[in-house]
Amino acid sequence: MCGIIGIAGASDVAAALYDGLTVLQHRGQDAAGIATMDGDRLRLHKGNGLVKEVFDEHAMSLLTGRVGIGHCRYPTAGSEGSDEAQPFYVNSPYGIALAHNGNLTNTDALRRMVFEQDKRNINTESDSEVLLNVFAHELQSQGALTPQAAVAAVAGVHRRCTGGYAVVTMVMGLGLVAFRDPHGIRPLVLGKREGAAGTEYAVASESVALDILGFVRVRDVQPGEAVVITPAGELHAEVCAAPHPHATCIFEYVYFARPDSMIENISVHKARMRMGVTLGQKILRLRPDHDIDTVIPIPDTSRDAALEIANVLGVKYREGFIKNRYVGRTFIMPGQGVRKKS
């Protein structure tokens, strides 16, 4: 689980990317990074730590440009080192930066293929770097730098990669290219903002990042879809993968996502409430003579469900566990020892 965001704006986007990442911080607290497109230069800053720890005033002042992407990392594949902080960057073709949320299931086979057939070297254990090089090779194979070429490159990624992935890339000379795996396992939402300087677009892991930045949620990026957004605010979108069963990760609703997010047009808060109602009804069905006195949530995510369970059972809801507010989310901490200590 990671948080990703990309913006094609009418003015510098670094500050907006920073704000968006802080709202997505619950999706990853190991590392953070921002890359921007400043004319023919790519600006990049990343490192280990929370968003507020990685970026200071000086670092932000160097991230000029009206197009950019951001990432906050929860390490599920690879190591916890700063060399695997994202966005990743490759200089050929054109210059591409990538931010990825998800996991590939054929990483080892792809790594060999990228080296032996594509003649590209992977320098980390991260599946995100593998994905970047697959996309770069597919784009280079098109022999053009157009939205249509980018869509064709994403189609090549879908053919070669398996697993769950939501991706936003920044291609120098083209703009943003965002895409989602054919099953729609990982979330990705598209937003739009109209201003005096023109139309601006954003993509993000969750709608809350769009809300705080004043973007209107347009829709979810469709499974297998490629979305290309140029610096001029032109949007090209096309589904470029064969139909697959739609299988959004249920853990987004159970734990990952913020309760005020909308995923696949479903309120995460309401989904958790309905889970609580369903569980409460199951308890009544299986144990009509239950001796439950109180329902106590494990903070914070389970509160919505626990309150509804208590309502259905007709028992008290109470707070029994107090979370230390000065540590991050314990589930996404790197290692059980750290989780217990927190």
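Begin by selecting Arg180 and Glu264, whose side chains meet in a salt bridge with an N to O distance of 2.6 Å. This is a predicted model, and in it Arg180 belongs to strand 8 while Glu264 sits in the loop between strand 14 (262–263) and strand 15 (266–267), so the pair ties together parts that are 84 residues apart in sequence. Both Arg180 and Glu264 are buried.

Keep the salt bridges in view, since a search of the whole structure finds 17 of them. Select Glu138 and Arg160 next, another such pair, in which the closest N and O atoms are 3.0 Å apart. Glu138 lies in helix 5 and Arg160 in helix 6, so this bridge ties together parts that are 22 residues apart in sequence. Glu138 is buried at a relative accessible area of 10%, and Arg160 is buried as well, at 15%. For a contrast in exposure, move to Arg258 and Asp260, whose closest N and O atoms are 2.5 Å apart in a salt bridge; here Arg258 counts as partly exposed at 29% relative accessibility, and Asp260 likewise counts as partly exposed at 40%. Selecting Arg27, Arg186, Glu206 and Glu252 together then shows a network of linked salt bridges.

Return to Arg160 and extend the selection to the whole of helix 6 (residues 147–160), which has 14 residues and reaches 20 Å from its first C-alpha to its last, close to the 20 Å expected. Helix 6 is mostly covered, with 11 of its 14 residues buried, among them Ala150, Val154, His158 and Arg160. Its buried residues pack against helix 4 (107–116), helix 5 (127–142) and several strands, including strand 7 (163–171) and strand 8 (175–180).

Which residues touch the most other members of the largest nonpolar core? They are Phe135 and Val177, in a core of 32 residues. Among the elements that give two or more residues to this core are helix 5, helix 6 and strand 8. Centring on Val177 brings up its contacts, which include Phe135, Ala150, Val154, Val167 and Val227. A second, separate core of 23 residues includes Val13, Ile34, Leu210 and Leu213.

Now select the cysteines, bearing in mind that the structure holds zero disulfides. Cys2 is in no disulfide, the nearest cysteine sulfur being that of Cys72, 7.1 Å away, and Cys2 is buried at 6% relative accessible area. The sulfur of Cys161 is 12 Å from the closest cysteine sulfur, in Cys240, which is too far for a bond, and Cys161 counts as buried at 4%.

Finally, zoom out and colour by the domain assignment, which gives domain 1 (2–251) and domain 2 (265–317), with C-alpha centres 37 Å apart.

Definitions and conventions. Residues numbered from 1 in each chain as written. Predicted model: local features only at pLDDT ≥ 70, side-chain atom pairs only at ≥ 80, totals over all residues. Heavy atoms only, no water. Helix = DSSP H or I, 4+ residues; strand = E, 2+ residues; numbered from the N terminus. Expected span 1.5 Å × (residues − 1). Buried < 20%, exposed > 50% of the residue type's maximum accessible area, 1.4 Å probe, protein only. Contact = heavy atoms within 4.5 Å. Domains from an automatic or database assignment. Core = buried A, V, L, I, M, F, W, Y, C linked by side-chain atoms within 4.5 Å. Disulfide = S-S within 2.5 Å. Salt bridge = Lys/Arg side-chain N within 4 Å of Asp/Glu carboxyl O. Lists of a residue's contacts leave out its neighbours within four places in sequence.
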